[in-house]
Amino acid sequence: VRIWDLESEFILCQLSSPATTFEQLRFLSKSNDVLFGISEERELLEWRIDNQICDPDLNIETHKPSALVLSPDNRWLFAIGEFQSFAAWNVLEHRLEYSYEEDLKSPKAAVFTPDSKFVIMGGANGHLVAWNVEQIKVDATIASSGNEISSMAITSDGKTLVTGHTDGEMQSWKIEYDQLKGQIKAFQLNSYSRRDSKKILPHKQAVLSLIITPDDTKVISGSRDRQIIFRDLQTQE
């Protein structure tokens, strides 16, 4: 794993680990000295950049993590695993907080809401699950009309969620909150994926990556079909 300086384009340091190939890397958003990664062998590793070695203390018990998501407040690291499981790691206290292994519809992708209170997971058959981090329970779940969810992105106000699917489809969702109970109440599908009688899809293959611009005006999707598409979040064009 190499860390580059964007201005000078020089390699700042090179990190060693037992793994050979990495599929995902995540920096703490408010720090440059902690890095998490998932290897091709589905091992979860942590580096402390100051000593440039893999931290041997990190051991999150979950079934082969397929997605790694950090909360915006840098408190939580969720490792989303296969077989309907995930583990919640307390980054500040450096310990496993809890794990969950039932009825999560085999999550494949996940995203935190901006307030770090909820994790929204997407998985097999287009299911969406809202997990309440503080209350440690499922708030809402819904099956979408799309295929398996492969990527997700959320706006800065936490009110709009975009999902990418393995068949190249994309969907947009309005998230409804119950402020009094501190819960996500429901997901409401906002027609997004350019459906018509011929079902024209945004991509020809799986949507592997989604990013919403900081001003919440555009969504950028990357696909296995080697295309990157910029789309207006409101007009869907």
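## Confidence

This is a predicted model, and the protein chain comes out with an average pLDDT of 76. Of the residues, 67% score at least 70. Broken down by element, the highest mean pLDDT, 92, goes to strand β20 (residues 218–223). At the other end sits strand β6 (residues 53–54), whose mean of 52 is the lowest among the elements.

Then there's the stretch at residues 193–200, where pLDDT drops below 50. In the model, that stretch still has 12 contacts beyond near neighbours in sequence.

## Nonpolar cores

Nonpolar side chains tend to be buried together in soluble globular proteins. Here, the largest nonpolar core has 15 residues. Those with the most contacts inside it are I120, L128, M152, L161, I175, I184 and F187. Strands β11 (107–112), β12 (118–123), β13 (127–132), β15 (149–154), β17 (170–178) and β18 (183–190) each give two or more residues to this core. Of its contributors, β15 has the largest share, with 3 residues.

Take I184 as a way in: skipping neighbours within four places in sequence, I184 is in contact with T113, F118, I120, A130, D139, A140, I175, E176 and Y177. Apart from this core lies another one, made up of 14 residues, including W76, F78, I80 and A88.

## The second largest pocket

The second largest pocket holds about 180 Å³ of space. Its lining runs to 13 residues, and D115, K117, F118, Y177 and Q179 lie nearest the centre. F118 and Y177 also turn up among the contacts of I184. Sorted by class, the lining is 3 nonpolar, 5 polar and 5 charged residues.

Terms used
Residues numbered from 1 in each chain as written. Predicted model: local features only at pLDDT ≥ 70, side-chain atom pairs only at ≥ 80, totals over all residues. Heavy atoms only, no water. 1 Å grid on protein atoms, 1.4 Å probe; cavity = no way out; pocket = protein on both sides within 12 Å on 5 of 7 lines; lining within 4 Å. Points joined across faces, edges and corners; volume = space filled by probe spheres on them. Nonpolar A, V, L, I, M, F, W, Y, C, P; charged D, E, K, R; others polar. pLDDT = per-residue confidence, 0-100. Helix = DSSP H or I, 4+ residues; strand = E, 2+ residues; numbered from the N terminus. Contact = heavy atoms within 4.5 Å. Core = buried A, V, L, I, M, F, W, Y, C linked by side-chain atoms within 4.5 Å. Buried < 20%, exposed > 50% of the residue type's maximum accessible area, 1.4 Å probe, protein only.
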